[in-house]
Amino acid sequence: MRLEINCQNRLGITQDVLDILTEYDIDLRGIEIDETGKIFLDFLTIEFENFQHLMPKIRRIKGIIDVKTTPFMPIQRERNQLRALLQTLPDPCFSTDTSGKIILFNDAVARGLELTREQILQLNIDEVLSGFNITKWLEGKEIYAQTHRVKFIQQDYIADILPVDVPDNDKTVLAGAVVILKSESRLGKQLNMFNKTTSNCFDTFQAVSPIMKKVIRDAKRMAELDGHMVIYGESGTGKQSIARACHDSSPRAENEFHILNCASLPDDVAETELFGIEQGQFSGAETKTGLIELTSGGTLVLDEISEMSQQLQSKLLRVIEEGHYCRAGQKEPVKVDLRIICTTCKDLSEAAEIGSFREELYYRLNVLALVLPPLRERKTDVIPLSESIVRQHSNKLGIRSPKLSKSCVDYLQAYPWPGNVRQLKNALYRAIALMDGNEITKEAIQLPSCSTTVNYIDENFEGTLEQEVKKFEKDLLKRLYPSYPSTRQLARKLGLSHTAIANKLREYGISKATVKY
């Protein structure tokens, strides 16, 4: 049982209370007096009849204002608060007395030492930590906070060693020490978080649709990891922008970020760009540092990786596996540490199956995979995205941001956007640059005809059912192909195999060269 006594500051009042406890033969287990003068008593539970007489008798003592029961003593609350705080710390943490004996520790210590609580409480702090003599420090004349490198279970840690001082009139008395350990990896994460910019690198992406929200959520998680990554998506979906955001949100954010377009360069040029060249290797050649070496410590984006030649794929695989390479004409290997993010609009697993992409390289790169949906599959994002693009373009042009008319909004939402976000940006830029007034109308958005609807045949058609079905099928495929410009995408849309779709496209002579976008 515990009592809280609110009383005046009077000499002898505590003794008067203790006298009453003695009168009732109460065995007192603890007494505390806090800074406000309140008296807290802790004793074994007594009979209710005795309790009924005890409380009024205490209240009649001169200077007593009130008496009530309390669930805990102040020291118990503080001790449990400290214990709860220690247990939430992910780092090993100890508390010792003035001789260095461990009197308190958290779960991280117990997991590391693999000992019972009783066994740990028998140890001196210097028995589990090496590199700094804490017992000797506690015996010193002037004791100040220290930070030292120590070893705990044969691993390196940084130890913050703090004295525990207890006030005693006009001075303080040393009561022990608190030791908090931090590993190199934990310190690295904390420094990285400290150095990160307050703005979120993914804030610029418009994600209203559930599918895009999931993409951004997954991208944020993948950004914090260090595995290689492949970003899949149609042309214009923003694969490079996501790659940049992943770099800027990663532990490598302070280091280099480079992009190599694998589809736009001849094989020999791409190889030089990637691996560099040593002076004198070829006539008139100067030393050139490759992107792999320049990006070491940072992130290298290989845009449209599926277009990379088999020869370059083999060299890239060797670099990933060995962590070093030699420039052309160079004997000494160059060590590299980089994260590779690849972008592609093709299915790399399919390319690996048919042999156009090295299977070993595919499994090395496809550690983390992200699929960006086409704009037609995230219709709810079209208008927020359009408004954001309009603001960006207007700021660059130095004009007031125009509004989108209702007809324009309806048109933008209905259009299938085969060119995705890139096509939307270009269409809105043209509309803003050439508009009159302060509103963008449907007429200002000039886009190629691209309907997702099909007109059914007239009831008075001439010909056989098979002929009309083929006409309908051909027309349907021609209309859908600009929005689903691959056999796999079109097959998924129509619920057929990509082989069946490929055969039908071939039968009707439908290809990117014959279809108007």
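**A note on the predicted model**

1. Let us start with one residue: Glu360 is partly exposed, with a relative accessible area of 40%. Here buried stands for under 20% relative accessible area, exposed for over 50%, and partly exposed for what lies in between (1.4 Å probe, protein chains only). Glu360 forms a salt bridge with Arg358, whose closest N and O atoms are 3.0 Å apart; a salt bridge is a side-chain nitrogen of Lys or Arg within 4 Å of a carboxyl oxygen of Asp or Glu. Arg358 also counts as partly exposed, at 25% relative accessibility. Elsewhere, Arg2, Arg29 and Asp42 are joined into one network by salt bridges that share partners.

2. A word on the ground rules. This is a predicted model, in which local features need pLDDT of at least 70 and side-chain atom pairs count only at pLDDT 80 or more, while totals for chains, interfaces and linings use all residues. Residues are numbered from 1 along each chain as its sequence is written, and side-chain values use heavy atoms, with hydrogens and water left out.

3. Now the overall picture. The chain has 517 residues, and buried ones make up 39% of them. It holds 21 helices and 21 strands, which are DSSP runs (H or I of at least four residues for helices, E of at least two for strands), numbered from the N terminus. Among contacts with a separation of 6 or more, 65% are between residues 24 or more positions apart; contact means heavy atoms within 4.5 Å. In all, the structure holds 22 salt bridges.

4. Where should you look for the largest nonpolar core? That core has 31 residues, and Ile292, Leu302, Ile305, Leu316 and Leu365 have the most contacts inside it. Helix H13 (310-322) is one of the elements that supply at least two residues each, as are E11, E15, E18 and helix H14 (348-354). H13 gives the largest share, five residues. A nonpolar core, for the record, is a set of buried Ala, Val, Leu, Ile, Met, Phe, Trp, Tyr and Cys residues joined through side-chain atoms within 4.5 Å.

5. Leu316 is a handy guide to this region. Apart from neighbours within four places in sequence, Leu316 touches Phe275, Ile292, Leu302, Ile305, Met308, Ile340 and Leu361. There is also a second, separate core of 24 residues, including Ile102, Val109, Ala177 and Leu181.

6. Thr343 deserves a stop. It sits in strand E18 and is buried, at 0% relative accessibility. Its side chain makes a polar contact with the side chain of Asp303 (2.4 Å). A polar contact is a pair of N or O atoms within 3.5 Å; within protein, one must be able to donate a hydrogen and the other to accept it, and residues adjacent in sequence count only if both atoms are side-chain atoms. Beyond four places in sequence, the contacts of Thr343 include Ile231, Lys239, Val301 and Glu304.

7. Glu304 has an unusual backbone angle to check: its phi is positive, about 50°, although Glu304 is not a glycine. Glu304 lies in the loop between E15 and H13 and counts as buried at 14% relative accessibility. Asn420, another residue other than glycine, has a positive phi near 60°. Asn420 belongs to helix H18 (residues 420-434) and is buried, with a relative accessible area of 0%.

8. Which residues of helix H10 (residues 239-248) are buried? They are Lys239, Ile242, Ala243, Ala245, Cys246 and His247. The elements they pack against include helix H9 (210-224), strand E12 (257-261) and strand E19 (368-371). Asp248 and Arg244 meet in a salt bridge through their side chains (3.3 Å, N to O). Being four residues apart in H10, Asp248 and Arg244 are separated by about one helical turn. Asp248 is partly exposed at 27%, and Arg244 is partly exposed at 37%.

9. A longer-range link follows. Asp337 forms a salt bridge with Arg252, the closest N and O atoms being 2.9 Å apart. Asp337 lies in the loop between strand E17 (334-335) and E18, and Arg252 in the loop between H10 and E12, so the pair ties together parts that are 85 residues apart in sequence. Asp337 is partly exposed, with a relative accessible area of 44%, whereas Arg252 counts as buried at 6%.

10. Finally, have a look at Pro482. It is placed in the loop between helix H19 (465-480) and helix H20 (487-494) and counts as buried at 3% relative accessibility. Pro482 and Pro416 are 66 residues apart in sequence but 8.9 Å apart in space, C-alpha to C-alpha.
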